[in-house]
Amino acid sequence: RVVWRQSRRTSRRSWKPEASMARSGPMSQRSDSSRGRVFALLLALPAVFALAIPAGFVRLSTPAANRYELQTLSMSVQLGEMDVDLIGTVHIASSGYFAALLADASAADCSLCELIVPERCLSRDERGLLRLTDSVAPTPEQSRLAGQLGLTHQLDGLPYGADRRFSLIADTPAEQLLPAPSSSSQLAEVVQTIRRGSIRGAAMSAARARRGPPPSQQLVRGLAWVVPCPELTLLVLDWSWSRTRPQLSAILEPLLRALASFDLRSARRLAFAQLLLSSSAEGGGSTGAVFSGGGVGARIEPRMKQRNMAAADALDTALRSAGDRDRIALFYGPSHLEGPSGIVAELLARWPGATIVDVSWRTAFAVELGDRPAQEQPVQRIERLLLPAYLAIDGIDWWLTWADVASETGVTGGWSDDALLLGAYVLRHGLLYWSLSRFALDWSGRFED
């Protein structure tokens with residue numbers, strides 16, 4: 001805008017040669033010189049901020065029609081004469097992805113990895129770094145999941161323990177890990193989401209994170225349960241009360257297409273990508289916190305903070321014992337690298353002279369869906385009927401529930417059976433509300449490029 005205004009002023013002065021000649025003295029020359037410095041600064045600003053800390057280390061990219069790629073970020077940081085590669089890594093991906101990670105490790109003088117193993121599988125080298133002494137393999141459940149997705153597990157794709165490139169561990173031994181959240185946390189998360197709403201991440205204000213929604217919003221939310229399809233009503237209310245308007249997740253439409261065409265492998269990959277994106281958006285990102293629930297608010301999970309500090313300490317030890325021109329690579333999960341409490345922020349805080357010199361994205365796995373035919377096919381007819389069918393089933397459920405409540409009240413005059421019916425209704429639709437809030441909506445604005 002400043003450049004446009006200046007061009008307008010210049011064009012206006014060009015029509016008044018006498019005014020322009022009158023202002024051609026030393027003061028005019030100095031103002032032109034100052035103006036030139038201002039323009040040079042404006043032009044340099046994009047370059048200054050181009051390599052700031054990225055918002056996230058994982059994203060969904062759509063490089064072509066009907067092609068969806070889950071990508072992770074690799075960042076190069078320069079510390080004087082030393083180079084540090086911070087490489088976001090997912091645990092299940094294509095074999096080509098792990099081959100590229102192996103090439104990155106080969107180019108580095110020292111590679112540090114994320115891995116939780118018992119202390120009996122570890123030893124310390126002369127620098128004080130943990131070294132893996134045994135080969136490791138994925139559990140049967142992990143191998144089964146990778147097989148269902150048509151992908152490779154990290155412990156199968158990379159030679160952990162059997163190769164020096166993947167033997168140094170920058171993580172916390174299993175015995176020293178802080179206790180994990182209790183098994184009831186998932187149910188507690190659903191209950192808290194029903195009570196306090198699904199707003200989270202950048203869409204939630206600090207006051208709401210501490211105290212929950214105000215009483216007026218609580219009243220309106222309570223009234224939503226007496227109308228059909230309460231989960232959609234609650235989502236609309238959350239959308240209208242959020243600080244930043246969430247959008248539909250970029251994965252929702254291709255996932256519905258994959259399900260409608262019975263392409264189950266693509267549907268599984270898309271759902272897995274959504275899981276990784278949600279984990280990154282809640283685990284690190286702009287808030288630097290792990291969320292215990294949709295509307296509970298932000299808190300730093302102690303176990304994640306402990307592991308981040310262990311990785312930062314190992315990286316710090318490797319840097320202080322490295323040579324002048326050594327290259328060090330750290331392979332870690334995206335949610336651990338990003339955010340104010342992440343490994344990247346900790347590295348830049350410990351080494352003030354660090355400079356981010358390069359960032360690049362790497363495809364972990366891709367999903368390709370068939371082209372939409374020009375003429376309407378049965379699959380497209382199914383897609384068009386999904387929402388009306390959902391609303392119809394939801395409305396029938398609402399009608400039958402309240403009809404049963406009315407009949408039971410008229411026959412017995414008691415509320416015990418009615419409470420059971422209403423409780424089951426709230427639980428059903430509460431689970432739908434919780435699932436849709438996590439799956440169908442993008443609260444962070446980071447799911448797309």
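Reader: What share of the 449 residues of the chain counts as buried?
Author: The model is predicted, so local features need pLDDT of at least 70 and side-chain atom pairs count only at pLDDT 80 or more, while totals for chains, interfaces and linings use all residues. Residues are numbered from 1 along each chain as its sequence is written, and side-chain values use heavy atoms, without hydrogens and water. Buried means under 20% relative accessible area with a 1.4 Å probe, protein chains only. Of the 449 residues, the buried share is 41%.

Reader: How much of the accessible surface of the chain belongs to carbon and sulfur atoms?
Author: The surface, computed by the Shrake-Rupley method with a 1.4 Å probe, comes to about 23400 Å². The part that belongs to carbon and sulfur atoms is 60%.

Reader: Among contacts between residues at least 6 apart in sequence, what percentage joins residues at least 24 apart?
Author: A contact means heavy atoms within 4.5 Å. The chain has 17 helices and 15 strands, taken as DSSP runs (H or I, at least four residues; E, at least two). Among the contacts asked about, the percentage is 75%.

Reader: Which residues does Ser266 contact, leaving aside neighbours within four places in sequence?
Author: Ser266 lies in helix α12, residues 264-283. Ser266 is buried, because its relative accessible area is 9%. With those neighbours left aside, the contacts of Ser266 are Ala258, Val367, Glu368 and Leu369.

Reader: What kind of aromatic pair do Tyr97 and Phe98 form?
Author: The structure holds four aromatic pairs, meaning rings of Phe, Tyr and Trp (its six-membered ring) with centres within 6.5 Å. Tyr97 has a relative accessible area of 1% and is therefore buried, and Phe98 is also buried at 1%. The two rings lie 5.5 Å apart centre to centre, with 70 degrees between the planes. As planes over 60 degrees apart define the class, the pair is edge-to-face.

Reader: Which aromatic residue forms one cluster with Tyr160 and Phe166?
Author: The cluster joins Tyr160 and Phe166 with one further aromatic residue. That residue is Phe331.

Reader: Which elements give two or more residues to the lining of the second largest cavity?
Author: A cavity is a set of 1 Å grid points where a 1.4 Å probe fits but cannot get out, and lining residues have an atom within 4 Å of a point. Of three cavities of 30 Å³ or more, the second largest has a volume of about 40 Å³, the space filled by probe spheres set on its points. Its lining consists of Ala312, Leu315, Asp316, Glu346, Leu347, Arg350 and Trp351. The elements are α13 (302-320) and α15 (343-350).

Terms used:
1 Å grid on protein atoms, 1.4 Å probe; cavity = no way out; pocket = protein on both sides within 12 Å on 5 of 7 lines; lining within 4 Å. Buried < 20%, exposed > 50% of the residue type's maximum accessible area, 1.4 Å probe, protein only. Phe/Tyr/Trp six-rings, centres within 6.5 Å; stacked < 30°, edge-to-face > 60°.
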